[in-house]
Amino acid sequence: MNEQALSVKDAIVNRRSVKNFNGQPVDLDNINAILDDARWAPNHGLRNPWRFIVAANTEYIKFQDVLKEYGVPKWKELSEEDLEKQMKKFSGAGAVVLVIVNEDARQKERLEDFAGASALIQNAMLLAWDRGIGTCWKTPPFLDNPKFREELGVKPGERIISMLQFGYYDDIPKNRVRTPLEDIVIYYGMDDKETSEQ
């Protein structure tokens, strides 16, 4: 795919969160290129408060054992068929990036760092979409499981804020309605009549 095949507006408006990936692997080179560009996200004080754990190619297949252990309750008691159904939420994707953020002890800086990391995640999702790769920003409860964190080497004072799935898809998800702009904007200094005439 050509670089910048989509305009910024097209990427933002047409991007969709993909839940049904087709299982095709996403190459590590693609993930690295996306993250390399995504890290240009605005962040206060240029603290660059993030780091990543990436599982792609054969390593993602191995990582699915970890996801099974922590993401599928009582998986050992399930039939092979039921386990396969439960694992579809993980096995359909072609790679995953865990986005880890420092939890600054200062509240203002901590919120700024989370906001910056969220901008980075949005960048990654848009850059992936431009390459024909779907994404889904997941925050399953097991991200905070101490044993899962230990398994991945997440340190005290760090927080996993996203399990960002990457993958290819056969069908583009349908557009979901967003709240109309007029329902969420107040124009400072203008009364209701002036606003309605805009």
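This passage walks through a few features of a predicted model, from an annotated domain down to single residues and a pair of helices.

A good place to start is the annotation. An unreviewed UniProt entry assigns residues 12–168 the label "domain: Nitroreductase". Across residues 12–168, helix makes up 45% of the chain and strand 19%. The C-alpha atoms at the two ends of this stretch are 18 Å apart.

Within the annotated range, two helices can be followed as they meet. Two packed helices are described by the angle between their axes and the distance between the axes. For α2 and helix α5 (residues 107–130), the angle is about 135° and the axes are 8 Å apart. Angles over 145 degrees would count as roughly antiparallel and those from 65 to 115 as roughly perpendicular, and α2 and α5 are therefore oblique to each other. Their crossing is right-handed. On the α2 side, the contact is made by Ile34, Asp37 and Ala38. Helix α5 contributes Leu120, Asn123, Ala124, Leu127 and Ala128.

Next comes a residue on a strand. Ser162 belongs to strand β4, which spans residues 158–167. Is Ser162 buried or exposed? Its relative accessibility is 0%, and because buried means under 20%, Ser162 counts as buried. Leaving aside residues up to four places away in sequence, Ser162 touches Val97, Leu98 and Val99, together with Ile121, Trp137, Lys138 and Leu143. There is also a polar partner on the backbone: a polar atom of the Ser162 side chain lies 3.5 Å from the backbone nitrogen of Leu164.

Two loop residues complete the tour, and both can be described by their backbone and their accessibility. Leu46 sits in the loop that runs between α2 (28–38) and β1 (50–56). Although Leu46 is not a glycine, its phi is positive, at about 45°. With a relative accessibility of 65%, Leu46 counts as exposed, because the cut-off for that class is over 50%. Lys74 is found in another loop, the one between α3 (58–71) and α4 (80–91). Here too the residue is not a glycine, yet the phi of Lys74 is positive, at about 50°. The relative accessibility of Lys74 is 63%, so Lys74 counts as exposed.

Note on methods:
Residues are numbered from 1 along each chain as its sequence is written. This is a predicted model: local features need pLDDT of at least 70, side-chain atom pairs count only at pLDDT 80 or more; totals for chains, interfaces and linings use all residues. Side-chain values use heavy atoms; hydrogens and water are left out. UniProt positions are given in the numbering used here, feature names are shortened, and annotations may be inferred rather than shown by experiment. Helices (H or I, at least four residues) and strands (E, at least two) are DSSP runs, numbered from the N terminus. Buried means under 20% relative accessible area, exposed over 50%, partly exposed in between (1.4 Å probe, protein chains only). A polar contact is a pair of N or O atoms within 3.5 Å; within protein, one must be able to donate a hydrogen and the other to accept it, and residues adjacent in sequence count only if both atoms are side-chain atoms. Contact means heavy atoms within 4.5 Å. Axes are lines fitted to C-alpha atoms, for helices over the stretch in contact, and angles run from 0 to 180 degrees between N-to-C directions. Angles under 35 degrees count as roughly parallel, over 145 as roughly antiparallel, 65 to 115 as roughly perpendicular and the rest as oblique. A crossing is left-handed if the near helix is turned anticlockwise from the far one by less than a right angle, and right-handed if clockwise.
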